[in-house]
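Hi,

Here is the structure I said I would pass on. Have a look at it first, and then read on for my notes.

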Amino acid sequence: FWLRQQLAVIASLEHFFGYLGNWVLNAHGLDEGRADPTMVDLLRWHGAEEVEHRTVAFDIYRHLGGSYPERCVHMAFVILLLLYYITTGAKFMYKRDPEAGRYPGFVLAWWQGSRRGHLPSFWKVIG
């Protein structure tokens with residue numbers, strides 16, 4: 001039972017990471033940003049790696065008898081967990097980077113990044 005619960009959380013996380021990996025591979029806005037080209041290449045390599053193994057945990061979870069309702073509960077938990085870590089990480093990064101300016105808040109920061117093509121649409125990620 002506990003192994004299946006842990007796999008459900010990992011499979012939920014990997015679902016998001018697989019989506020983001022696919023987005024990174026196809027995001028033209030990353031090329032137009034001011035990031036170092038080597039870092040963009042590294043990010044794309046990591047995105048490809050995430051896409052490559054996105055279903056491993058899910059396949060094992062299903063093999064152990066995981067159900068759809070159980071998956072929904074874990075996905076809701078993971079959405080809240082990711083939102084917490086993303087907001088905390090964004091605040092941390094803004095504090096560390098003197099050139100970033102004042103932290104505009106999670107919603108505005110994501111919206112601005114999405115408009116520039118540096119982040120996927122928030123609603124597509126949640127969807």
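To start with one residue: in which helix is Q5 found? Q5 sits in α1. Bear in mind that this is a predicted model.

Is Q5 buried or exposed? Q5 counts as buried because its relative accessibility is 11%, and the cut-off for buried is under 20%. Leaving aside residues up to four places away in sequence, Q5 touches E70 and H74. With H74 there is also a polar contact, side chain to side chain, at 3.0 Å.

Both of those partners take us to α5, where E70 and H74 are among the buried residues. The others on that list are V78, I79 and L82. If you step through the numbers, keep the usual helix geometry in mind: with 3.6 residues a turn, residues three or four places apart point the same way. The cover over the buried residues of α5 includes α1, α4 and α7.

As for the helix itself, α5 runs over 29 residues and spans 41 Å from first C-alpha to last, close to the 42 Å expected at 1.5 Å a residue. Its N-terminal end is capped by S67, with a side-chain oxygen 3.4 Å from the backbone nitrogen of E70. So E70 turns up three times here: as a buried residue of α5, as a contact of Q5 and at the cap.

Now the pockets. The largest pocket holds about 1700 Å³ of space. It has 40 lining residues, and M93, G113, R116, H118 and L119 are the closest to its centre. Which elements supply at least two residues each to that lining? They are α1, α2, α3, α5, α6 and α7, with the largest share, 8 residues, coming from α5. By class, the lining splits into 26 nonpolar, 8 polar and 6 charged residues.

The second largest pocket has about 250 Å³ of space. Of its 13 lining residues, A11, H15, F58, R71 and M75 lie nearest the centre. Two or more residues each come from α1, α4 and α5, and here α1 gives the most, with 5. The class split is 7 nonpolar, 3 polar and 3 charged.

If you only have a minute, I'd look at α5: it contributes to the lining of the largest pocket and to that of the second largest, and its buried residues include H74, the polar partner of Q5.

Cheers

Note on methods:
Residues are numbered from 1 along each chain as its sequence is written. This is a predicted model: local features need pLDDT of at least 70, side-chain atom pairs count only at pLDDT 80 or more; totals for chains, interfaces and linings use all residues. Side-chain values use heavy atoms; hydrogens and water are left out. On a 1 Å grid over the protein atoms alone, a cavity is a set of points where a 1.4 Å probe fits but cannot get out, and a pocket is an open set with protein on both sides within 12 Å along at least five of seven lines; lining residues have an atom within 4 Å of a point. Grid points are joined across faces, edges and corners, and a volume is the space filled by probe spheres set on the points. Helices (H or I, at least four residues) and strands (E, at least two) are DSSP runs, numbered from the N terminus. Ala, Val, Leu, Ile, Met, Phe, Trp, Tyr, Cys and Pro count as nonpolar, Asp, Glu, Lys and Arg as charged, and the others, Gly among them, as polar. The expected span of a helix is 1.5 Å times one less than its number of residues. Buried means under 20% relative accessible area, exposed over 50%, partly exposed in between (1.4 Å probe, protein chains only). Contact means heavy atoms within 4.5 Å. A polar contact is a pair of N or O atoms within 3.5 Å; within protein, one must be able to donate a hydrogen and the other to accept it, and residues adjacent in sequence count only if both atoms are side-chain atoms.
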